[in-house]
Amino acid sequence: MTRYFAPKYLVPKYLVLCLLFAAMTSASVRAGPVLDSPGSSPADASPDQAQSCEGVSFSRGLRYRENDQNVLDVATGASRGAASRPVLLFVAGENFAGENGIPDFTGPLQDVAMCFAARNGMVGVRMAYGLAPANPWPGGAKDVAAAIAWIHENIDLFGGNGDEIVAIGYSAGASHVANYLAHPEFQLSGPGVAGVVLVSGLYRLGAEASAAEKAYFGDDPSKYQERSAFPGIVHVETPILLAWSIMDSAQIIAQGEKLKEYLCNVPAHCPHTKVLDSREGLSSVFSFDISNDSLAGATIELVREIEARGLP
């Protein structure tokens, strides 16, 4: 098995332990994580959402890189130290650019996704990444690389298994995960993930690029091919679950269909695919309610396949 070496800017494990202990013993911690007590519910959550987070603890604001926007949250169940469990890394964001350079990665809907992971025998991790223009391409992919390195270095403190990480990218986050996977030069020591879920992403920019997309990928269309997930993503062996919604724009649907076709040209890489019936914000994608149209069942199936194969 390949050893995974963390970059020098990662918070050392002993410091993570110190921050966690400080958060649990002090109510006035100014920096580092904020640890919610078990059973606490996401702010402004609906009754159903709050119920889904019963018995889940959050460790918030853990820095995985040197910049203020590079923080992540970790969600664990009541018995987090009982076993080494799979890890779901959520990389979500609707936009590539923003005035403050930081995506809004918190909120009850994403908390519910984290709680889904914790209550189904996994560890949930949610990362924030920098936005353009302050953080242009390939900043998003490099942030994904740094967060994955942090998980490999520290997730055992939360009962997680660094060999069973599934990165779930949504919208702009899906583009960052796909580019990370497709460009080995951004990886610190191999992909570092056992599987990925790509939801409603933009995988190759075209002439119709928006101002926000240009702010991230640049104004020069001749650079868009080399800054895309093509062709590099076809060379990876990491299992992929590819999803989009019938409510997505024609461009995003075409992107998903094209990526599926491209991957399936190499039969061994043909991805699992799920077409969602709705896309009412993050709730219809990240709620992971197995009883309705969501990615819950397909994601759990991917995790179980990874566990059965002993990947990576």
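Strand β7, helix α6 and strand β8 form a β-α-β unit that is right-handed, a crossover being given this hand if, with the strands pointing away from the viewer, the path from the first strand over the helix to the second runs clockwise. Helices (H or I, at least four residues) and strands (E, at least two) are DSSP runs numbered from the N terminus. The model is predicted, so that local features need pLDDT of at least 70 and side-chain atom pairs count only at pLDDT 80 or more, while totals for chains, interfaces and linings use all residues. Residues are numbered from 1 along each chain as its sequence is written, and side-chain values use heavy atoms, with hydrogens and water left out.

Within this unit, β7 and β8 run parallel and are joined by 4 bridges; two strands are taken to pair if DSSP finds at least two bridges between them. Val-196 of the unit stands opposite Ile-240 in β8. Strand β7 is also joined to β6 (residues 160–171), again in parallel, by 5 bridges. Here Ala-167 has Val-196 in β7 as its bridge partner. From β6 the chain passes through helix α5 (residues 172–182) to β7, and this β-α-β crossover is right-handed. Strand β7 (residues 195–199) is mostly covered, with 5 of its 5 residues buried, where buried means under 20% relative accessible area, exposed over 50% and partly exposed in between (1.4 Å probe, protein chains only). The cover extends to both faces of β7: Gly-195, Val-197 and Val-199 are buried on one side, and Val-196 and Leu-198 on the other.

Aromatic contacts were considered next. A search of the whole structure finds 6 aromatic pairs; rings of Phe, Tyr and Trp (its six-membered ring) pair if their centres lie within 6.5 Å, and planes under 30 degrees apart count as stacked, over 60 as edge-to-face and the rest as tilted. One of these pairs is formed by Phe-96 and Phe-217, which meet edge-to-face at 5.3 Å centre to centre, with 65° between the planes. This pair links distant parts of the chain, since Phe-96 belongs to the loop between β4 (85–93) and α3 (108–119) and Phe-217 to helix α6 (residues 211–217), 121 residues apart. Phe-96 has a relative accessible area of 7% and is therefore buried. Phe-217 is likewise buried, with a relative accessible area of 4%. Ring pairs also bring in Tyr-216, which forms a cluster with Phe-96 and Phe-217.

A further pair consists of Phe-230 and Tyr-262, which is edge-to-face because the ring centres are 4.8 Å apart and the planes lie at 85°. This pair too links distant parts of the chain: Phe-230 is in the loop between α6 and β8 (240–245), and Tyr-262 is in helix α7 (residues 250–264), 32 residues apart. Phe-230 counts as buried at 3% relative accessibility, whereas Tyr-262 counts as partly exposed at 24%. The ring of Phe-230 also lies beneath a charge, as the charged end of Arg-204 sits over this ring, 4.2 Å from its centre. For such a contact, NZ of Lys or CZ of Arg must be within 6 Å of the ring centre and within 35 degrees of the ring normal. The charged end of Arg-60 sits over the ring of Phe-58 in this way, 4.2 Å from its centre.

Side chains of opposite charge can pair when their charged atoms come close. The structure has 9 salt bridges, each being a side-chain nitrogen of Lys or Arg within 4 Å of a carboxyl oxygen of Asp or Glu. Arg-60 forms one with Asp-111, the closest N and O atoms being 3.2 Å apart. Asp-111 lies in helix α3 and Arg-60 in strand β2 (residues 57–63), so this pair ties together parts that are 51 residues apart in sequence. Both residues, Asp-111 and Arg-60, are buried.

Arg-65 and Asp-143 form a salt bridge at 2.7 Å, N to O. Arg-65 lies in the loop between β2 and β3 (71–76) and Asp-143 in helix α4 (residues 139–154), so the bridge ties together parts that are 78 residues apart in sequence. Arg-65 is buried at a relative accessible area of 16%, and Asp-143 is buried at 4%.
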